[in-house]
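Visitor: Got a minute to walk me through this one? I'd like to go over a few local features.

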Amino acid sequence: MSGRTVTRRRLAEFVANELQTGGGEEAITKAAAYLIESGKKRDVGLLVRDIEEILASKGTVVADITSARPLSSEDKTAIAKLLGASQLHARETIDPSVLGGVRIEMSGKRLDATLKHKIDLLKEIDSRKGTK
Amino acid sequence: MTNITVTELTKELKDAIAQLETSEGLETVGVVTRVGDGIAWIHGLKNAGYSEVLEIKTDEGVTEAFALNLMEDEIGAVLLGSDENVRAGSTVRLKGEVLSVPVGEELLGRVVDPLGRPLDGGPAIKTKQTGPVEREAIGVMGRKSVHEPMMTGIVAIDAMFPIGRGQRELIIGDRQTGKTAILLDTMINQARQKSGIINVYVAIGQKRSKVAQLVERLKQEGVMEQTIVVATSPSDPASLVYLAPYAATAMGEYFRDNSKHALIMYDDLSKHAVAYRQMSLLLRRPPGREAYPGDVFYLHSRLLERSAKLSDDLGGGSLTALPVIETQAGDISAYIPTNVISITDGQIFMETDLFNQGIRPAISAGLSVSRVGGNAQTKAVKSVSSRLKLGLSQFRELASFVQFGSDLDDATKAQIERGQRLTELLKQHQYQPMGVWEQVASIYAVNEGAFDSVPVAKIKEAQSSLLTRLWTEHKDAMRTLNKGAAPEEETLNTIKKVALEAAKDARG
């Protein structure tokens with residue numbers, strides 16, 4: 001890969017393909033080397049998001065899930081179905097301040113079905129009415 | 001959850017909940033990766049369109065931006081507000097619409113920013129319609145050639161460089177040469193002549209004090225009721241300055257598309273090009289000549305192409321444009337001036353030397369031109385002004401010989417004498433636009449030599465006397481003349497007779 005510029009998206013596609021075909025570790029090492037060599041270390045976060053997005057389009061979804069209480073296996077199955085994921089890698093966070101419901105964040109997509117979000121929206125609608 | 005008790009749901013609350021229910025589902029979001037200088041770089045939102053509005057969630061609410069750079073890896077978006085609250089990591093959503101501004105009659109008499117928000121301290125503006133800021137210009141078959149006059153009330157322009165409804169006539173000149181004064185007089189004339197033309201004045205990066213003065217004057221003259229002022233100041237973000245002419249054009253198009261006539265004045269497009277250059281450089285677009293981006297021609301051509309005279313099938317409305325360009329040291333061959341000159345249907349060139357000599361409006365007869373206005377000139381003015389431009393241009397060429405007066409042949413002397421009187425006649429005080437009859441009578445009197453015996457210094461006095469006498473003694477004939485039809489022989493004879501009497505009085 002050295003010697004010519006590779007766009008971040010191309011790099012992400014390469015790593016995502018390798019991850020799916022089992023050559024993940026080597027691909028990640030190569031991608032890291034490329035980022036260091038081309039002085040793009042700062043792009044690592046964006047590269048990860050790109051990789052996650054490509055994987056999601058192929059059925060492997062990596063998602064941050066925030067809920068007020070631990071999710072049951074039925075909950076996770078339902079979420080995987082909702083996201084259209086054949087394989088769901090969930091990074092779970094328990095946050096009582098969301099009150100209820102679930103917030104799913106994945107690369108480029110977001111679903112906030114928490115009670116706190118709905119209350120915030122209600123407040124927003126109310127304040128908008130107040131300013132009219 | 002036990003402390004959340006919703007026991008008494010009012011109808012409003014139920015409605016609000018109903019609104020919430022519609023917003024379910026997985027939404028596409030992006031994230032701000034970098035922000036600064038009014039530009040946000042966004043990761044994600046691959047399906048964003050050009051010029052589409054993005055909503056960036058911040059701690060203080062939502063900041064809007066519009067997408068200008070759509071690249072493989074990221075989006076470059078220009079913020080429509082302050083970048084203070086936008087942070088790297090902020091969530092970005094697509095609003096699902098291109099940038100639109102409120103349009104309609106409700107805007108008349110108001111001073112607004114490019115997003116239609118009031119700047120005059122008045123109530124919020126609620127219009128029935130909105131118009132897209134970026135819109136494709138009317139096609140070939142939807143247009144009609146320019147044929148109706150748009151009188152500015154300035155004799156030098158209406159007689160020598162007539163402007164028609166739907167025309168784009170550039171006002172170009174150095175700073176402090178009276179460019180805005182021409183725009184102001186033109187707006188005042190629309191009210192005085194009851195032309196029904198709506199004025200849209202766009203202040204692009206103009207000092208707020210200057211805009212305040214202009215608005216005050218428009219109010220004094222009773223013009224504000226038929227005027228919309230879209231104002232941006234040098235302290236506004238470049239994005240707003242960039243949007244101002246497009247947003248104002250959308251407001252003007254409303255009238256054009258509803259079979260009305262509107263006049264839009266862009267004051268000035270040099271500052272607009274500078275704002276666009278700033279945005280483009282910050283968006284990392286490659287700089288070209290004078291560091292302007294490659295599409296700076298398209299920036300103005302797509303804007304000015306929206307001014308048009310519509311065909312009868314489309315209602316016959318019109319949008320006339322008077323863009324302004326400020327030159328540096330009279331250099332009209334610089335990049336932006338040549339661009340806009342080639343786009344427009346003519347230009348009125350203002351000369352610093354003339355201005356300093358006291359010839360105001362300081363219009364250069366040699367460098368100014370109106371390419372399509374001839375067909376639109378009022379017949380009355382056309383009938384008396386055909387030789388005016390040539391005579392004046394020849395005089396300006398010969399003017400340097402004035403000091404050798406005694407060595408010149410009689411024909412040249414006569415040409416200089418007539419030229420001096422014409423020049424005096426075309427001088428016009430600000431805020432005093434003239435009607436058709438005043439223009440016809442003044443030009444005819446000088447052309448016929450009625451003022452040849454009047455000393456040059458007393459020409460304005462003779463002109464004033466002529467106009468007063470005509471209005472008091474021949475009001476009906478002047479009213480008829482003011483309608484614009486070619487004057488009858490009898491009317492012309494009356495003008496000549498009264499002019500000779502006025503000349504006699506002026507001589508003392």
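Guide: Sure, starting with naming: helices (H or I, at least four residues) and strands (E, at least two) are DSSP runs, numbered from the N terminus. This is a predicted model, where local features need pLDDT of at least 70 and side-chain atom pairs count only at pLDDT 80 or more, while totals for chains, interfaces and linings use all residues. Residues are numbered from 1 along each chain as its sequence is written, chains are lettered from A and ligands numbered from 1 in the order in which they are written, and side-chain values use heavy atoms, with hydrogens and water left out.

Visitor: Okay, where is B:Asp331 found?

Guide: B:Asp331 sits in the chain B loop between β14 (318-326) and α8.

Visitor: Is B:Asp331 buried or exposed, or something in between?

Guide: B:Asp331 is partly exposed, at a relative accessible area of 34%. Buried means under 20% relative accessible area, exposed over 50%, and partly exposed in between (1.4 Å probe, protein chains only).

Visitor: And how far apart are B:Asp331 and B:Asp174 in space?

Guide: From C-alpha to C-alpha they are 8.5 Å apart, with their positions 157 residues apart in sequence.

Visitor: What about α8 itself? At what angle do α7 and α8 of chain B cross?

Guide: The axes of α7(B) (residues 296-304) and α8(B) (residues 335-343) cross at roughly 35° and come within 10 Å. Axes here are lines fitted to C-alpha atoms, for helices over the stretch in contact, and angles run from 0 to 180 degrees between N-to-C directions.

Visitor: Which residues make the contact?

Guide: On the α7(B) side, B:Val296, B:Phe297, B:His300, B:Ser301 and B:Leu304. From α8(B) come B:Tyr335, B:Ile336, B:Asn339, B:Val340, B:Ser342 and B:Ile343. Contact means heavy atoms within 4.5 Å.

Visitor: New topic: where is B:Ser233?

Guide: B:Ser233 is in the loop between β12 (227-231) and α5 (238-257) of chain B. With a relative accessible area of 2%, B:Ser233 is buried.

Visitor: What does B:Ser233 touch?

Guide: Leaving out residues up to four places away in sequence, B:Ser233 touches B:Gly205, B:Gln206, B:Arg208 and B:Val241. The side chains of B:Ser233 and B:Arg208 are joined by a polar contact of 3.0 Å. A polar contact is a pair of N or O atoms within 3.5 Å; within protein, one must be able to donate a hydrogen and the other to accept it, and residues adjacent in sequence count only if both atoms are side-chain atoms.

Visitor: Any backbone oddities? Which residues does a cis peptide bond join?

Guide: One cis bond joins B:Asp267 and B:Asp268, with omega about 0°. B:Asp268 is in the loop between β13 (261-267) and α6 (269-282) of chain B. The bond from B:Arg360 to B:Pro361 is also cis, with omega near 0°, and B:Pro361 lies in the chain B loop between α9 (352-356) and β16 (369-370).

Visitor: Why flag those?

Guide: Most peptide bonds are trans, and most residues other than glycine have a negative phi.

Visitor: So what is the phi of B:Asp37?

Guide: B:Asp37 is not a glycine, yet its phi is positive, about 55°. B:Asp37 lies in the loop between β1 (27-36) and β2 (39-44) of chain B and counts as exposed at 59% relative accessibility.

Visitor: And B:Tyr431, what's its phi?

Guide: Positive, near 65°. B:Tyr431 lies in the loop between α12 (410-426) and α13 (436-447) of chain B, and at 24% relative accessibility B:Tyr431 counts as partly exposed.
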